[in-house]
Structure formats: C-alpha cells, structure tokens
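Subject: A structure for you to look through

Dear colleague,

I am handing over a structure that I would like you to open and turn around for a while before you read on. My notes on what was found follow below it.

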Amino acid sequence: MTAASQAERTVLEEEFNWLLKEEVHAVLKQLQDILKEASRRFSMPSPGLEGQLKQENFILGSSTMDQVKGVLTLQGEALTQADINIKVSKSSQVMHFAFRDDKQWKLQQIQDARNHVNQTLQLLSSRDESYTFKTGAEVNKLMDAVMLQLTRARNRLTTPASMTLPELAASGLMKMFTPPMPGDVMVNFYINLSKLCLTVYQLHVLQPNTTKNFKSAGSSVLHNPGAMFEYSNTKFEVSHVHKVECVVPWLNDTLVFFTISLQLCQQLKDKISVFSSFWNYRPF
C-alpha cells in the first residue's frame, strides 16, 4: 500500500468515525424533534383544559351535489359527533341522523398511525447521545427499523381498509345513530391521506325472481352502484353511492413529517454506503 493510499484510508477512517460518533446522533436528534411534533398533532390539548383533547368541527359536503351534507366533530382519534343529512334519491326526502350522545367512533387508522409514531420515538430514544455506534451496519439496522415504523404509520393514513358490504352492514357504526339508520342506508367513515371521508350507500332489496344473476361483491374501500351482497338472508344491490370529505390540516402536517423523516433516514444510509464502498475489510 502506498503512503498516499494509506493517508487517504486514515482520513476516511477518521471521517467515518466522526460520522458514527457525531452525525448519526445529530440525525437521531432531528428525527426525534420532527416525530415529537407529529405525535403532538395526534393529541393536541384544548387550550386551558389540562388533559382534554381539542375538539374540531369539519363541514362535509361537495360543491357539485347536495345529496349528503354534514358536520363531523373530531377529537384526536375519535369522532365524537356526526350530524348528517341524506337526501333520498327516489323521493328527495331529507333524512337526518346524529350520533347518540353515549357513542363515539374510534378511527382505527389514526390510532394505529399514532402508535407507530410512538414506537419510532421509543426506537430513537433507545440510543441516547452517550451510546457509541461501532459499525455502519448497526446504524443501518436502526434506520431500517425506524423506516419500517414510519412507512407503516404513513400507509395507515394513505390506505383505508377494504371492507365487504356485509362487514359494513354488521359494523358497530350502524348502531351509532339516532334515529337508527334504516335498513336501506349504510355509511362508512375512513381516512384517505389528509382527508376524513364519509361514504353513504343507498340500497334496494333484490326480489327473489331477479337474483339469478346475483354475484356477491368482494372487498373494497369504495363500492360502486350495482354491487350486490347478502345480509341476514336478504339480497341487496347498491343503488346510489355518495362520497363527501373534508381536509384535516393536522393529518396533512403528519404526512409531511413522515416524508421528511424517511428522507433523513435514507440520506444517512446513503452516506454510510458511500464509506462502505471504499473498503471491504471493515465489517459493515
């Protein structure tokens, strides 16, 4: 080995040791700060009310149609009130429904995303500033674990759960309202990116003589008119579908935080891979 290549290797060793000792911890601190902000978004306290989560009202509706209108009250991960007006297509009659006073609906997607953020923060805090990383592989392993949790958190908000129509009909959501939902109306709430969505399905019962072409619909986030299903020995077809939504600004913030955090993790992994490509004798 020439003196020049030996000197270059020494410099690389020093730079890499600095990366492990200083820069990795700087990135971990940055990630913690960003994800603490994300975690705060999930549990914003009410001003002046210790321990009380802030209640936010969102108006549902669409400028192009007035079949479904409503106001939703969100408190953290829980819908604490839903006030909905549905105009029935065949009669233009307006039906009004609201959550019963003793009921609230937990949005599992928000709950799961928050849990993944908290797990990520636990991973990051397990390596405090006094901890010394020995190898790049060790840093990569931590970054992979952090990125896995962040990707899961993001996916919970970007990918609503698919449901079959019988699952929706049997859901506890149908028992939340006063007056009770009629048998020919079903609703579903879910998060899609930074939007809180309400889908209303109007159904009609299929007569026995029209069921020869009956084909039960599979699982989907949004079912289209014409979808058929059987529930409680009765066959139904979806006649109308109405989807309305509203933007929840703090969900948008959290998605931005997830993107920035994932980029920071990847940049750190990229720096380590640049060093590891220079020499192979050291365990990475």
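Before the pockets can be described by class, one convention is needed: Ala, Val, Leu, Ile, Met, Phe, Trp, Tyr, Cys and Pro count as nonpolar, Asp, Glu, Lys and Arg as charged, and the others, Gly among them, as polar. Please also keep in mind throughout that this is a predicted model.

With that convention, the lining of the largest pocket has seven nonpolar, four polar and two charged residues. This pocket has a volume of about 240 Å³, and of the 13 residues that line it, Trp105, Gln109, Asn188, Phe189 and Tyr190 lie nearest its centre. The elements that contribute two or more residues to this lining are β5 (105-106), α2 (108-125) and β7 (185-192), and the largest share, three residues, comes from β7.

The second largest pocket, with a volume of about 200 Å³, has a lining that divides into 10 nonpolar residues, one polar and one charged. Among the residues that line it are Met174, Met181, Val185, Met186, Leu203, Phe229, Tyr231 and Phe236, together with Lys175 and Gly183. Here the elements that give two or more residues are β7 and β9 (228-231).

Next, you may like to follow helix α3, which runs over residues 136-158 and so has 23 residues. From its first C-alpha to its last it reaches 32 Å, close to the 33 Å expected at 1.5 Å a residue. Which residues of α3 are buried? They are Gly136, Glu138, Val139, Leu142, Met143, Val146, Met147, Gln149, Leu150, Ala153 and Leu157. When you look at the spacing in that list, it may help to recall that an α-helix has 3.6 residues a turn, so residues three or four places apart point the same way.

The cysteines can be dealt with briefly, since the structure holds zero disulfides. Cysteine 197 is in no disulfide, and the nearest cysteine sulfur, that of cysteine 246, is 7.9 Å away, whereas a disulfide would need the two sulfur atoms within 2.5 Å. Cysteine 197 counts as buried, at 0% relative accessibility, and cysteine 246 is buried as well, with a relative accessible area of 7%.

Finally, there are some details of the backbone to look at. Most residues other than glycine have a negative phi, and most peptide bonds are trans. Where, against that background, is proline 179 found? Proline 179 sits in the loop between β6 (177-178) and β7, and the peptide bond that leads to it from threonine 178 is cis, with omega near -10°. Leucine 193, in the loop between β7 and β8 (195-205), has a phi near 60°, which is a positive value in a residue other than glycine; leucine 193 counts as partly exposed, at 44% relative accessibility. Serine 232, in the loop between β9 and β10 (234-247), likewise has a positive phi, of about 50°, although it is not a glycine, and serine 232 is exposed, with a relative accessible area of 57%.

With best wishes for your reading

Terms used: Residues are numbered from 1 along each chain as its sequence is written. This is a predicted model: local features need pLDDT of at least 70, side-chain atom pairs count only at pLDDT 80 or more; totals for chains, interfaces and linings use all residues. Side-chain values use heavy atoms; hydrogens and water are left out. On a 1 Å grid over the protein atoms alone, a cavity is a set of points where a 1.4 Å probe fits but cannot get out, and a pocket is an open set with protein on both sides within 12 Å along at least five of seven lines; lining residues have an atom within 4 Å of a point. Grid points are joined across faces, edges and corners, and a volume is the space filled by probe spheres set on the points. Helices (H or I, at least four residues) and strands (E, at least two) are DSSP runs, numbered from the N terminus. The expected span of a helix is 1.5 Å times one less than its number of residues. Buried means under 20% relative accessible area, exposed over 50%, partly exposed in between (1.4 Å probe, protein chains only).
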